[in-house]
Amino acid sequence: MGLGRRGARGPGRLITQPPPPQRRGRGGGPAVDNKATKRAADRPAHGGSMSTADRSHAAGAAPDSDPGRMAVASTYQRFEPRAYLRNNYAPPRGDLSNPDGVGPWKLRCLAQTFATGPTIYQLLSACAHFEDITMTDFLEANRQELGLWLREEPGAFDWSVYSQHVCLIEGKGESWQEKERQLRARVKRVLPIDVHQSQPLGAGSLAPLPADALVSAFCLEAVSPDLVSFQRALDHITTLLRPGGHLLLIGALEESWYLAGEARLAVVPVCEEEVREALEHSGYEVRDLRTYTMPARLQTGVDDVKGIFFTWAQKKVGV
């Protein structure tokens, strides 16, 4: 998930939440996804995930007592980030050469939204508008994976194809190497997050709050056992955003499970209308909501996803 603050005269600060390491092959840059910031991410590669007690301690919160959420947290201990990345960010889902693919669709949505409003582009484009970016993830191993890329260490996942595609879409004549250098320079911190806590970043967070912008990619539906938990998680991350701030929410439609190595992870299935209703319930004005139907050629057996949703919403003043 990502949050950001914009100054009156210049770029602001953004917090991002990737999917559980950068969520399913739906295109996107090294953010990715509270999923939690997907986000979703809206996650790991070297090392395991934190236990419920560990992650609650890291966030400065009491351990979660909800059986459904505890089961989700337990399952994520088997999450294998590199397997996840191979399943979703390498071909065929990671093939950006086909304009009808899911990756190009998602990147076009982000680029068009970015071009028409004071909003964000999932990290690679956000770095041009936010001078202070905070990346977040629930799993320590995912944060380690993000750190490998940020520090340009050997073995880091190669996002250059995505960086090149973003530069092509933006059409500013910028090289992909410069794009990646700019992003690395503007990511100031990578923090733990738990969207099921009323203070998702914990008490005394290092992130500048409230944020002007929040990005969550393939996160909320992936870590919520039911729609009630999904709604509550959305309410929680909304507290990180200032009134009038912008939320960019990307996620899976009608998905109930996905694979990350040996781990089979449950997802709460959501439809377009349920996403819209959840946003309105949390106090947002939905500015844009688009969907993508996953074609048969991209249904590779690593999940049962039916499609993707892309949402730009603005938090109402007074919420």
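This briefing covers helix packing, the nonpolar core, salt bridges and backbone geometry in the structure above. The model is predicted. It holds twelve salt bridges, and its largest nonpolar core has 78 residues. Helices α6 and α7 pack at an angle of about 105°, and a cis peptide bond joins L209 and P210.

**Packing of α6 and α7**

- Two packed helices are described by the angle between their axes and the distance between the axes.
- For α6 (residues 160-170) and α7 (residues 176-186), the angle is about 105° and the axes are 8 Å apart.
- The range from 65 to 115 degrees counts as roughly perpendicular, and α6 and α7 are therefore roughly perpendicular to each other.
- On the α6 side, the contact is made by S160, S163, Q164, V166, C167 and E170. On the α7 side, W176, K179 and E180 take part.
- By residue class, this contact of α6 with α7 divides into three nonpolar, three polar and three charged residues.

**Salt bridge between α6 and α7**

- Side chains of opposite charge can pair when their charged atoms come close.
- E170 and K179, both named in the contact of α6 with α7, form a salt bridge in which the closest N and O atoms are 2.9 Å apart.
- K179 has a relative accessible area of 1% and is therefore buried.
- E170 also counts as buried, because its relative accessibility is 16% and the cut-off is under 20%.

**Salt bridges around E180 and R184**

- Within helix α7, E180 and R184 lie four residues apart, about one turn of the helix.
- Their side chains meet in a salt bridge with an N to O distance of 3.6 Å.
- R184 is buried at a relative accessible area of 17%, and E180 is buried at 7%.
- E152, E180 and R184 are joined into one network by salt bridges that share partners.
- E180 is also among the α7 residues that meet α6.

**Helix α3 and its link to α5**

- The buried residues of helix α3 (residues 81-89) are P81, A83, Y84, L85, N88 and Y89.
- These buried residues pack against α5 (140-150), α6 and β7 (257-260).
- R82, in the same stretch of chain, is partly exposed, with a relative accessible area of 24%.
- A salt bridge of 3.0 Å, N to O, brings together the side chains of R82 and E145. This pair links distant parts of the chain, with R82 in helix α3 and E145 in helix α5, 63 residues apart.
- The partner E145 is buried, at a relative accessible area of 4%.

**Nonpolar core**

- In soluble globular proteins, nonpolar side chains tend to be buried together.
- Here the largest nonpolar core comprises 78 residues, of which Y76, L220, Y258, L279 and I308 touch the most other members.
- Strand β6 (residues 241-253) supplies the largest share of this core, with seven residues.

**Loop between β4 and β5**

- L201 lies in the loop between β4 (187-192) and β5 (211-217).
- Its relative accessibility is 8%, so L201 counts as buried.
- L201 and H236 are 35 residues apart along the chain, and their C-alpha atoms are separated by 10.0 Å.
- P210 is placed in the loop between β4 and β5. The peptide bond that joins L209 and P210 is cis, with omega of about -5°.

**Positive phi at residues other than glycine**

- F218 is not a glycine, yet its phi is positive, at about 50°.
- The loop between β5 and α8 (227-238) contains F218.
- F218 has 0% relative accessibility and therefore counts as buried.
- E254, also a residue other than glycine, has a positive phi near 50°.
- E254 is placed in the loop between β6 and β7.
- At 38% relative accessibility, E254 counts as partly exposed, because that category runs between the buried limit of 20% and the exposed limit of 50%.

How values were computed
Residues numbered from 1 in each chain as written. Predicted model: local features only at pLDDT ≥ 70, side-chain atom pairs only at ≥ 80, totals over all residues. Heavy atoms only, no water. Axes fitted to C-alpha atoms, helices over the stretch in contact; angles between N-to-C directions. Helix = DSSP H or I, 4+ residues; strand = E, 2+ residues; numbered from the N terminus. Parallel < 35°, antiparallel > 145°, perpendicular 65-115°, else oblique. Contact = heavy atoms within 4.5 Å. Nonpolar A, V, L, I, M, F, W, Y, C, P; charged D, E, K, R; others polar. Core = buried A, V, L, I, M, F, W, Y, C linked by side-chain atoms within 4.5 Å. Buried < 20%, exposed > 50% of the residue type's maximum accessible area, 1.4 Å probe, protein only. Salt bridge = Lys/Arg side-chain N within 4 Å of Asp/Glu carboxyl O.
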